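This briefing is written to be read beside the coordinates, with the topics grouped so that each can be followed in a viewer. Please keep the sequence numbering at hand while reading.

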Amino acid sequence: MEYDVIIIGAGPGGIFSAYELTKKRPELKIAVLEAGHGLDKRRCPIDGEKVPSCIKCRSCSIMSGFGGAGAFSDGKYNITNDFGGTLYKYIGKKQALELMCYVDEINMSHGGQGTRLYTTAGTKFKKLCMQNDLHLLDASVRHLGTDVNYVVLKELYDYLKDRVDFFFDTPAESVLRSRDGDGYEVRCREAAYTGRYCIISVGRSGSKWMEKVCGEMGIRTKSNRVDIGVRVELPAEIFSHLTDELYESKIVYRTQKYGDLVRTFCMNPKGAVVNENTNGIVTVNGHSYEDPEKHTENTNFALLVAKHFSEPFKDSNGYGESIARLSNMLGGGVIVQRFGDLIRGQRSTGKRIEESFTAPTLNATPGDLSLVLPKRLLDGIIEMIYALDKIAPGTANDDTLLYGVEVKFYNMEVEVDEHLQTEHDGLYIIGDGSGITHSLSHASASGVYVARQIGERA
Ligand SMILES: Cc1cc2nc3c(=O)[nH]c(=O)nc-3n(C[C@H](O)[C@H](O)[C@H](O)COP(=O)(O)OP(=O)(O)OC[C@H]3O[C@@H](n4cnc5c(N)ncnc54)[C@H](O)[C@@H]3O)c2cc1C
């Protein structure tokens with residue numbers, strides 16, 4: 001075997017596997033194969049002028065490369081078992097939390113020091129939410145911010161680069177059991193690599209490839225959910241009492257009409273709404289910077305409804321994709337609508353958006369979201385906006401902006417045991433690619449977890 005451990009994917013899952021292996025077993029020979037570029041070469045060509053929209057690069061610099069999908073994200077590490085994945089089902093709640101705290105310590109010692117850790121512990125907002133039929137989930141949130149997140153990744157790379165062999169622009173094509181049956185051969189376009197252990201951590205962008213590998217290796221999978229909704233943008237003052245204390249509040253509401261759960265997701269105080277491109281489909285997202293000079297006047301967050309299809313239709317992601325395609329067809333990209341226009345049943349126009357007291361941070365097409373989102377989902381989102389208006393008056397103002405659509409795709413869940421090992425000895429699947437995690441902290445924690453398992457065995 002050329003390597004003791006081969007890691008496929010250099011997102012948080014892969015990075016923290018490599019980090020922990022180098023700490024616990026520095027003598028092991030480790031290779032990291034990554035489809036995207038090294039951190040310093042990751043640059044999205046969209047500049048709003050010469051390149052106004054996605055030109056479908058072979059490797060998308062937003063989703064791929066050292067740092068994975070989270071490299072240019074808001075860098076919110078949520079330390080909680082209440083959301084962000086179901087790692088705790090495999091490794092227990094206590095251990096999952098301990099590992100997330102450990103990841104936080106590593107981030108703090110690699111450029112993240114001085115950033116703030118927010119917590120819901122002891123907050124008065126829990127009661128206020130309950131009094132209004134809303135439910136605040138428990139979490140501690142480390143907000144690195146897009147700027148500091150990059151610094152942390154750079155420091156982690158500087159630490160790893162002399163201890164691990166990195167192969168960038170090297171997408172793995174197949175994973176096979178090695179000829180002697182005592183390890184794995186990972187085939188790429190120009191070379192093949194062999195290793196005793198193999199950790200697959202290919203995230204969302206590797207979902208199709210992951211499905212293929214599972215098919216080829218007989219690893220069982222089951223369908224996952226898709227979350228569909230809108231991104232809400234409003235003046236930062238409206239949510240400042242919550243965001244100043246908690247930064248991000250995950251609030252859940254059960255709709256009266258259908259009994260569906262609607263939740264807030266990815267809150268960005270004084271942040272910006274941005275486009276996100278998933279396989280050529282433009283959806284919406286948001287982020288914010290730690291640096292006060294880069295703050296905006298607005299806060300944004302998503303309102304999402306989860307849909308999980310199983311029988312006879314199983315393709316939850318396909319359903320989400322069709323809704324996103326419809327919005328792209330009508331708006332040429334993301335659509336923006338004032339809440340007041342939505343309620344009055346009229347589309348927003350350029351003039352109405354211009355006259356709005358809330359200035360949009362994303363240049364989206366004014367339109368009508370009721371022509372895009374299914375009634376059941378839209379009714380739930382409207383109910384939730386009125387519910388939030390009770391704890392943050394002003395949320396249901398006419399000028400609150402809604403961008404659509406926001407879709408959170410999840411990978412199908414792969415069958416692994418309590419060690420996150422597949423039925424093939426020495427083959428582990430972790431992070432968002434496993435369908436078990438959906439966040440920076442859970443994906444990173446899963447990486448540390450398997451590294452420790454392998455560290456004890458190798
Ligand atoms: C815009 C945006 C903002 C986000 N903000 C937050 C946030 O604030 N907080 C939070 O908790 N989460 C956030 N997320 C989600 C978070 O980024 C992911 O949950 C996390 O990155 C998952 O880590 P991972 O290592 O499992 O996968 P990824 O980060 O997706 O990394 C997987 C890596 O594998 C590589 N890969 C794929 N296929 C192959 C292959 N065949 N061969 C080799 N390499 C391959 C990819 O190029 C990629 O670099 C955000 C995501 C996005 C897109």
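In this predicted model, strands β9 and β10 form a hairpin with 3 residues between them, and their antiparallel pairing is made by 4 bridges. One of the paired positions joins Arg187 to Ala192, its bridge partner in β10. The points below start from this hairpin, then go on to the other strands, the ligand shell, the nonpolar core, a helix and some individual residues.

**Strands β8, β9, β10, β1 and β2**

- Strand β9 (residues 184–188) also pairs with strand β8 (residues 172–177), in the antiparallel sense and over 5 bridges, and Val175 has Val186 in β9 as its bridge partner.
- β8 and β9 likewise form a hairpin, here with 6 residues between them, and Gly181 in the turn has a positive phi of about 75 degrees.
- Strand β10 (residues 192–200) is joined to β1 by 5 bridges, the two strands running parallel, and Tyr3 stands opposite Gly195 in β10.
- β1 pairs in addition with strand β2 (residues 30–33), again in the parallel sense, over 4 bridges, with Ile6 opposite Ala31 in β2.
- Strand β1 (residues 3–8) is mostly covered, since 5 of its 6 residues are buried.

**The open sheet of 8 strands**

- An open sheet of 8 strands with mixed pairing follows the order β5-β13-β14-β17-β12-β20-β18-β19, and its edge strands, β5 (134–136) and β19 (365–366), each pair on one side only.
- Within this sheet, strand β12 (residues 226–235) and strand β17 (residues 298–307) run antiparallel and are joined by 10 bridges, including the one that makes Ala306 in β17 the bridge partner of Asp227.
- Strand β20 (residues 401–409) contains Val405, and the peptide bond that leads from Gly404 to Val405 is cis, with omega near 0 degrees.

**The ligand shell**

- The ligand is surrounded by 41 residues, of which the closest are Gly9, Gly11, Gly68, Gly203 and Gly431.
- Two or more residues of the shell around the ligand come from each of the elements α1 (12–24), β3 (76–79) and α12 (440–457).
- Sorted by class, the shell around the ligand holds 12 nonpolar, 23 polar and 6 charged residues.

**The largest nonpolar core**

- The largest nonpolar core has 120 residues, among which Val5, Ile6 and Ile30 touch the most other members, while the largest share of this core, 8 residues, comes from α12.
- Leaving aside residues up to four places away in sequence, Ile30 touches Tyr3, Asp4, Val5, Ile7, Ala18, Leu21, Val164 and Asp165.
- As background to such a core, nonpolar side chains in soluble globular proteins tend to be buried together.

**Helix α11**

- Helix α11 (residues 375–391) has 17 residues and reaches 25 Å from its first C-alpha to its last, close to the 24 Å expected at 1.5 Å a residue.
- The buried residues in α11 are Leu377, Gly380, Ile381, Ile382, Met384, Ile385, Ala387 and Leu388.
- Those buried residues of α11 pack against the strands β5, β12, β13 (251–254), β14 (261–268) and β17, and also against helix α9 (339–344).

**Gly85 and its contacts**

- Gly85 is found in the loop between β3 and α2 (88–91), and Gly85 counts as buried because 25 C-beta neighbours lie inside 10 Å, the cut-off for burial being 20 or more.
- Although Gly85 and His438 are 353 residues apart in sequence, their C-alpha atoms are 5.1 Å apart in space.
- Without counting residues up to four places away in sequence, Gly85 touches Ile436, Thr437, His438, Ser439 and His442.

**Positive phi outside glycine**

- Asp133, in the loop between α4 (125–131) and β5, has a positive phi of about 60 degrees although it is not a glycine, and Asp133 is exposed because 11 other C-beta atoms lie within 10 Å, where 12 or fewer is the limit for an exposed residue.
- Cys266, in strand β14, has a positive phi of about 50 degrees although it is not a glycine either, but Cys266 counts as buried because it has 22 C-beta neighbours inside 10 Å.

Conventions:
Residues numbered from 1 in each chain as written. Predicted model: local features only at pLDDT ≥ 70, side-chain atom pairs only at ≥ 80, totals over all residues. Pairing = 2+ DSSP bridges. Near = placed C-beta within 6 Å. Nonpolar A, V, L, I, M, F, W, Y, C, P; charged D, E, K, R; others polar. Core = buried A, V, L, I, M, F, W, Y, C linked by C-beta atoms within 7 Å. Contact = placed C-beta atoms within 7 Å. Expected span 1.5 Å × (residues − 1).
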